[in-house]
Amino acid sequence: MSDIIPGYCTLCRSRCGTLNEVANDHLIKVRANPEHPNGKAMCMKGKAAPELVDSANRILYPMKRTHPKGAENPGWKRISWEEAMSTIAGQLEKFKRENGAESVAFGFTSPSGTPLSDAIEWLERFVRIYGSPNTSYGTEICNWHKDVAHRWTFGCGIPVADYSHADLILLWGHNPANTWLAQASAIGTGRNNGAKLIVVDPRPTPLAKEANAWLDVNPGTDGALALGLSHLLVERNLFNHEFVRNWTNGPLLVRNDNGYFLREKDINPLAISNRYTVWDEHNQQVTFIDSETRTEETLTPTAALEGNVEVAIADGAKISCQTAFSSFKDMLANYDPENVSRITGVSVASIEAAASLIAGAKKIAYHSWSGVAQHTNATQTERAIATLYALTGCFDQEGCNRIYASHPVNVVNSPTLMPKSQWDKALGLEERPIGPPSQGWVHSQDIWHSVLEGTPYKIRGLIGFGANILLSQSDTSLGQQALEALEFYAHVDLFETPTSKYADILLPVNTAWEREGLRTGFESSAAAQDHIQLRKKMVSPRGESRSDLEIVFDLACRLGMNEAFFDGNIEAAWNYQLEPLGLTVEMLRNKPEGYDIPLEHKVRKYAFRDPNSGYLAGFNTETKRAEFYSEILHRYGYNPLPEYVQPQEYQRNDPDYPLMLTSVKSGFFCHSQHRSLTSLRKKAPYPTVDISAALADEEGIKTGDWVEIETRAGLARFRAKVEAKLSHETVIAEFGWWQACPDFGKPSYPVKGEYSSNYNSLISGDSYDPVSGALPLRSFRCRIRRLNDFELIRRPWEGRKTFKVIELKKEADNVVMLPTY
């Protein structure tokens with residue numbers, strides 16, 4: 001007899017609602033729950049959860065190293081939890097006492113692609129109370145551009161795209177069919193409702209093939225493409241004049257002598273306020289405008305949106321000024337369709353078609369992700385895309401990108417938990433003062449150099465929660481050297497990974513089905529954001545595995561944080577978070593399908609009028625407007641305009657490496673995980689690389705051939721897939737390959753060297769985005785050759801054969817599958 005237990009999957013960002021079949025303490029099956037707001041479909045990864053829970057390859061007991069670091073066999077010896085935790089706590093206490101908390105770094109895996117989302121807030125709370133400003137999180141290669149750099153235009157991260165109600169859907173370096181199934185479902189709804197689709201991606205993904213416009217951009221040139229589209233909207237007067245005039249900083253005057261906004265005190269040093277200025281075309285004079293105390297939605301109609309003027313300042317001198325929008329427009333002049341086509345490889349006709357689609361849409365919903373993030377120009381590329389979106393005025397409205405309300409839970413990871421004196425010690429902060437280090441997210445290369453060279457101080461300890469840094473970051477060899485040299489390293493994971501093999505203590509974490517989890521808001525839609533759910537423990541923990549929360553709560557109490565961690569009582573901690581909602585953990589346990597508590601999801605919240613002061617909210621930027629011109633960036637020495645900067649690998653122009661390498665996520669795995677699961681590995685047994693038909697002909701490569709990719713940083717092997725529609729110079733390889741699948745007879749791969757298939761070992765971190773530190777993981781020069789030591793007679797058959805589908809199985813609304821027997 002089996003039980004069906006509602007829950008939700010945490011293996012990726014989608015958080016799909018699930019129905020979990022359990023019998024005799026075993027997870028038998030996971031399927032989509034159509035009653036859940038994120039339950040329209042379920043991917044193969046979620047369906048493979050039973051294999052994950054009962055995998056014979058899992059770590060089940062705490063272990064300590066007995067062989068030297070760097071040895072192929074760590075010599076793991078099983079120990080008790082008491083010995084493991086007391087050892088870790090003792091080391092953390094010693095390092096903090098002797099060298100300060102900054103001498104310990106933490107490594108977190110992505111909560112977007114792992115079940116660490118169950119614990120991330122509490123892990124951050126622990127790190128901040130402990131006092132370390134150094135956490136390697138991968139933010140610079142994942143979410144920095146969309147969650148932080150976007151703020152320099154709109155004052156927030158990219159809001160949720162309301163695809164279901166959009167006129168136009170724009171996917172920029174984002175393939176939700178592989179990475180965010182709830183979004184893919186919403187896109188299907190939007191398309192069924194008549195939405196047009198633009199896909200910006202070097203690869204002809206399934207969504208690209210069905211798009212109204214596929215912009216097959218050269219890797220890393222997305223910024224030029226965005227500016228080219230903006231050029232056409234501005235040149236042809238097709239942008240949203242009302243929004244640009246009233247809700248952006250386009251009309252504000254910028255001083256040409258120093259690049260700062262002309263302010264009231266520049267003209268009158270004795271002024272009480274320091275308002276921004278616009279040029280009144282009717283009266284031919286400067287007019288001051290309120291930002292913090294704004295009461296009118298519309299700017300005076302005589303304020304100039306464009307133009308250069310001379311203004312007398314306090315010392316009697318006249319200075320030249322121009323509007324921010326004029327600065328933006330002048331920059332766009334360099335991005336006519338022909339020039340943009342030369343830079344990006346996208347045809348002029350496709351650029352024109354996309355601009356027409358954007359100009360003709362009233363409701364545009366878009367998202368960008370790793371395809372934008374992993375380049376040396378990531379910050380300014382994000383700015384270019386965001387300012388293009390500002391021209392449309394499609395912000396925080398139905399069918400656009402919407403800032404949905406959130407449940408008012410108690411926050412547990414406030415930055416104020418750590419004093420500023422500690423934040424200021426973050427590695428890399430001096431070089432990237434407004435980048436990830438300003439929030440405690442540090443570059444792995446900075447950690448490696450600190451370990452090996454002691455600059456600016458020495459990292460002595462590392463505590464990792466699932467972070468497989470050798471597979472997710474560049475400079476694999478440097479990382480290995482640093483991990484070998486570390487004084488102490490403790491790691492928490494499901495499986496032994498190439499990174500965890502360097503640990504002194506290895507702790508077994510359990511899967512999301514072996515523990516409870518709490519989520520307030522599921523993000524992808526208004527209905528999803530209303531939803532609150534406690535995921536029940538489906539089966540008992542395997543072996544002696546514990547949850548991330550149990551581990552961090554135990555460690556916190558051992559280090560004297562009892563009060564901050566509710567004396568180790570997780571339920572009490574969750575009840576504290578839920579307190580403002582009037583809910584308790586017990587109430588949620590008794591309703592496993594969750595609660596839907598309606599929130600008020602207003603549109604255009606930037607125009608919200610405070611009932612007490614009467615002032616308009618505006619945007620959360622310095623000017624309280626969406627910003628074409630960022631004075632913050634200018635203040636720190638960066639370009640205040642979203643100027644396109646060629647990726648640094650393009651600038652090398654090295655004839656030995658004529659091709660441009662970029663990467664892709666496999667839809668069957670999350671990052672570097674799950675390749676040991678048989679049902680998934682059968683779908684994708686080998687690491688693959690996509691190459692064009694023209695390149696394949698030149699190199700004598702056919703689909704299925706093993707090839708070697710070489711860069712100035714290393715080499716790795718993949719199996720070729722010939723893609724007719726791919727650009728000749730673009731090479732697209734999968735990342736994350738290392739794990740064996742013994743049950744399917746597939747070996748593991750070394751992280752570097754001749755027989756490696758580790759994509760990241762091909763990438764050097766010697767060049768990066770100056771603001772964020774983003775690495776060129778998706779734009780790196782390479783060359784490729786066929787490996788002749790594999791039998792060419794074993795190439796797969798490339799012909800086609802007609803077949804007839806005799807049965808289809810409905811998976812969910814708008815989703816059908818071929819049945820399996």
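Start by selecting domain 3 (144-240 + 333-402) and domain 5 (654-786): both give residues to the lining of the largest cavity, so this cavity lies between them. Keep in mind as you look around that the model is predicted.

Now zoom in on that cavity. Its volume is about 310 Å³. To find the middle, pick Gly173, Asp201, Gly371, Ser663 and Arg778, which lie nearest the centre among the 23 lining residues.

Which elements should you colour next? Try α7 (176-179), α16 (370-373) and β25 (659-664), since each supplies at least two residues of the lining. β25 gives the largest share, with three residues. If you colour the lining by class, you'll get seven nonpolar, 11 polar and five charged residues.

Next stop: the second largest cavity, with about 130 Å³ of space. Select Cys12, Gly113, Thr179, Lys665 and His671, which are the closest to its centre out of 13 lining residues. By class, the lining of this second largest cavity splits into four nonpolar, six polar and three charged residues. How many cavities of 30 Å³ or more are there? The count comes to six.

Last, leave the cavities and jump to helix α21 (residues 476-485). Show the side chains of its buried residues: Thr476, Leu478, Gln480, Ala482 and Leu483 are among them, and Gly479 is on the list too. Then bring up the surroundings to see what the buried residues of α21 pack against: the helices α19 (444-453) and α20 (469-472), plus the strands β19 (461-465) and β20 (488-493).

Conventions:
Residues numbered from 1 in each chain as written. Predicted model: local features only at pLDDT ≥ 70, side-chain atom pairs only at ≥ 80, totals over all residues. Heavy atoms only, no water. Buried < 20%, exposed > 50% of the residue type's maximum accessible area, 1.4 Å probe, protein only. Helix = DSSP H or I, 4+ residues; strand = E, 2+ residues; numbered from the N terminus. Contact = heavy atoms within 4.5 Å. 1 Å grid on protein atoms, 1.4 Å probe; cavity = no way out; pocket = protein on both sides within 12 Å on 5 of 7 lines; lining within 4 Å. Points joined across faces, edges and corners; volume = space filled by probe spheres on them. Nonpolar A, V, L, I, M, F, W, Y, C, P; charged D, E, K, R; others polar. Domains from an automatic or database assignment.
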